[in-house]
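I'm opening a fresh page for this one. My plan is to look up side-chain pairs and jot down what turns up.

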Amino acid sequence: MAPPTPLAIATSSLQRLVKEEISYEKELKGQEARLEKIIATKDQDENAEYQLKQERTAIQETKNVFPPLRERIKDALQRLQDQVEDGESNGADEAEITKAKEVIESAKEASRS
């Protein structure tokens with residue numbers, strides 16, 4: 001089996017980073033929902049203050065992941081666009097180029113939302 005091309009590596013790298021960002025966004029929504037639930041039942045739970053503090057800390061830690069992750073996505077996106085340009089000029093596999101362009105579009109869509 002032939003080793004993966006630089007274009008394929010750049011494509012899968014960007015795909016992985018976009019999936020990672022989506023995963024963190026889901027995690028953040030879940031944490032915020034748990035925080036709201038704790039706030040709603042705060043009067044009934046003697047341990048609520050501690051739970052609130054813990055949940056707020058977890059939310060902040062998750063939010064802190066986004067800036068460096070988005071920077072890595074931006075860098076990977078630029079690398080992939082460069083690889084696509086090189087691949088088009090050097091006659092790379094058309095299927096790899098098409099897949100790379102699809103991943104570029106999905107990454108741009110994910111960054112808009």
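**Notebook: salt bridges and a ring pair**

Arg16 and Glu20 sit four residues apart in helix α1, so about one helical turn separates them. I should add that I'm working from a predicted model.

I looked up how those two side chains meet: they form a salt bridge, 3.7 Å from N to O. Arg16 is partly exposed at 47% relative accessible area, and Glu20 is partly exposed too, at 22%.

Which other side chain meets Glu20 in a salt bridge? I found Arg72, at 3.5 Å from N to O. This one links distant parts of the chain, since Arg72 belongs to helix α2 and Glu20 to helix α1, 52 residues apart. Arg72 comes out partly exposed, at 38%. So I've noted Arg16, Glu20 and Arg72 down as a linked network of salt bridges.

Next I checked Arg70, which forms a salt bridge with Glu25, with 3.8 Å between the closest N and O atoms. Here again helix α2 (Arg70) is linked to helix α1 (Glu25), across 45 residues. Both ends are partly exposed: Arg70 at 41%, Glu25 at 24%. My tally for the whole structure is seven salt bridges, including the ones above.

Last stop was the rings. How many aromatic pairs does the structure hold? I get one. Tyr24 and Phe66 meet edge-to-face, 6.5 Å centre to centre, with 75 degrees between the planes. Tyr24 is in helix α1 (residues 6-40) and Phe66 in helix α2 (residues 48-90), so this pair ties together parts 42 residues apart in sequence. Buried or exposed, I wondered about Phe66? Phe66 is buried, at 6% relative accessibility, while Tyr24 is partly exposed at 24%.

Technical notes:
Residues numbered from 1 in each chain as written. Predicted model: local features only at pLDDT ≥ 70, side-chain atom pairs only at ≥ 80, totals over all residues. Heavy atoms only, no water. Phe/Tyr/Trp six-rings, centres within 6.5 Å; stacked < 30°, edge-to-face > 60°. Helix = DSSP H or I, 4+ residues; strand = E, 2+ residues; numbered from the N terminus. Buried < 20%, exposed > 50% of the residue type's maximum accessible area, 1.4 Å probe, protein only. Salt bridge = Lys/Arg side-chain N within 4 Å of Asp/Glu carboxyl O.
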